[in-house]
Amino acid sequence: MLSQLSNDVRQYLIVTGNYWCFTLTDGALRMLVVLYFYELGYGALEIALLFLFYEAFGVVTNLFGGWLGARWGLNRTMNIGLGLQIVALSMLLVPTPWLTVVWVMIAQALSGIAKDLNKMSAKSAIKVLVPKGENSQLYQWVALLTGSKNTLKGIGFFLGGLLLTTVGFHQAILIMTIALGVVWLLSLWKLGDDIGKASNKPKFSQIFSKSPEVNILSAARLFLFGARDVWFVVALPVSLSSQFGWDHWSVGGFLALWVIGYGIVQSLAPHITGKRNNQIPSAKTVTLWALALAVLPAVIAIGLQLAFYPLIVLLGGLILFGAIFAINSSLHSYLIIQFASKEGVSMDVGFYYMANAMGRLVGTLLSGWVYQEFGLINCLWVSFGFLLLASVISLWLPKDTSQS
């Protein structure tokens, strides 16, 4: 069937398949590291520090990666990302006494670089394939890619908890290393075209976006993802384990289902936000959905403060938060592809995901520190504040996004 498709579509399907396989291992690795090192006696802040370089290097990678993608082609940045993830996984195969905080941070740094090279490559390729002016189709394609990625990441969370319970940490890492190695070799063989390579090689000085729309959206994205990760990355799984007595299987399974549902809602976001009426997202759409999301962490925090069925409030609020956050994320993902210049698209996309990585970095660090010092409730109030900022920033987006 692949032979009957156009060459561009075949190449994009290979990129998407690579991205899916990578995402599966990335989600599993995240859950393995959080649960395994909590089991070894690491505190919440120490676990957050394990992901410090993962997020920090994502900031740098998105800036440099977008520039490299425009100069070298997205096939090369994709394959480099897959290779680096294999190296990162291999570093965790050392004996347990060698798994110090510094060593794991270095491995996570490589994993963070790999993840952002893959994401930038996959997202940027859409802009190249969808004809200019087909905004409704672009929104649908972006939503499907983003939603399927997060669904697979949720399956990865489940896989991580399952593997840790059944075969242990080191065997789980070995299985994922071998599987991803096979995918990498196939990618080196089949992914041969320079998708997204700019006709004029961009200068390094052009890595920072000069587009007001991209800059505004990037600032809103920073606070949107910081608001999620400030309570989701460390505070939530550790709370479920320590305060509610959940085992690894339960934590991994529930968070996996949450992310899978989140991905499904992302895929359906165009229909929820008005695609059937040929409506595409505007500044008002983005602002209203961000405000709707801001209400939820505040409501959850108040419920926990009042000790009103705390587990039900936490889990029910988390499910609603995931659904509305998914719509917010899908709106943002569409708009960055819409705002990005088609010539050297990866540079605008890379800058935007640099802001995304910065938000995740800030959220991850705050998740560990605020939880350790002040508890889960205060993590939720920080999330509320971040979402209010994201809403205000979104007001400056262009009212008519179809002309961008």
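**A tour from the buried salt bridges outward**

Asp229 and Arg360 are both buried. Select these two residues to begin; the model is a predicted one. Their side chains meet in a salt bridge, with N and O 3.9 Å apart. The pair joins distant parts of the chain: Asp229 sits in helix α8 (residues 212-232) and Arg360 in helix α13 (residues 345-374), 131 residues apart.

Next, add Arg228 to the selection. The side chains of Arg228 and Asp229 also form a salt bridge, at 2.7 Å from N to O. Arg228, Asp229 and Arg360 are thus linked in a network of salt bridges. How buried is Asp229 in terms of relative accessible area? Its value is 1%, so Asp229 counts as buried, the cut-off being under 20%. Arg228 has a relative accessible area of 7% and is buried because that value also falls under 20%.

Now move to Lys115 and Asp116. These two form a salt bridge whose closest N and O atoms are 3.4 Å apart. Are Lys115 and Asp116 buried or exposed? Both residues are buried. The whole structure holds three salt bridges.

Select His332 next, in helix α12 (residues 310-339). With 3% relative accessibility, His332 is buried. Which residues does His332 touch, apart from neighbours within four places in sequence? Show Leu217, Ala220, Arg221, Leu224, Val286 and Tyr352, which are in contact with His332.

Then turn to the surface and select Ile178, found in helix α7 (residues 169-190). Ile178 has a relative accessible area of 54%, so it counts as exposed, the cut-off being over 50%. Add Leu93, Leu174, Val182, Leu186 and Trp189: together with Ile178 they form a nonpolar patch on the surface. The accessible area of this patch is about 600 Å² in total.

Finally, clear the selection and display the whole protein chain. What does its secondary structure consist of? There are 14 helices and zero strands. Of the 404 residues in the protein chain, 58% are buried. The chain exposes about 15800 Å², and 69% of that area comes from carbon and sulfur atoms. Among contacts between residues at least 6 apart in sequence, 88% join residues at least 24 apart. The Asp229–Arg360 salt bridge, where the tour began, links residues 131 apart.

How values were computed:
Residues numbered from 1 in each chain as written. Predicted model: local features only at pLDDT ≥ 70, side-chain atom pairs only at ≥ 80, totals over all residues. Heavy atoms only, no water. Helix = DSSP H or I, 4+ residues; strand = E, 2+ residues; numbered from the N terminus. Buried < 20%, exposed > 50% of the residue type's maximum accessible area, 1.4 Å probe, protein only. Contact = heavy atoms within 4.5 Å. Areas by Shrake-Rupley, 256 points an atom, 1.4 Å probe, with all protein chains shown as cover. Patch = residues over 30% accessible without salt bridge, like charges linked within 9 Å, V, L, I, M, F, W, Y side chains within 5 Å. Salt bridge = Lys/Arg side-chain N within 4 Å of Asp/Glu carboxyl O.
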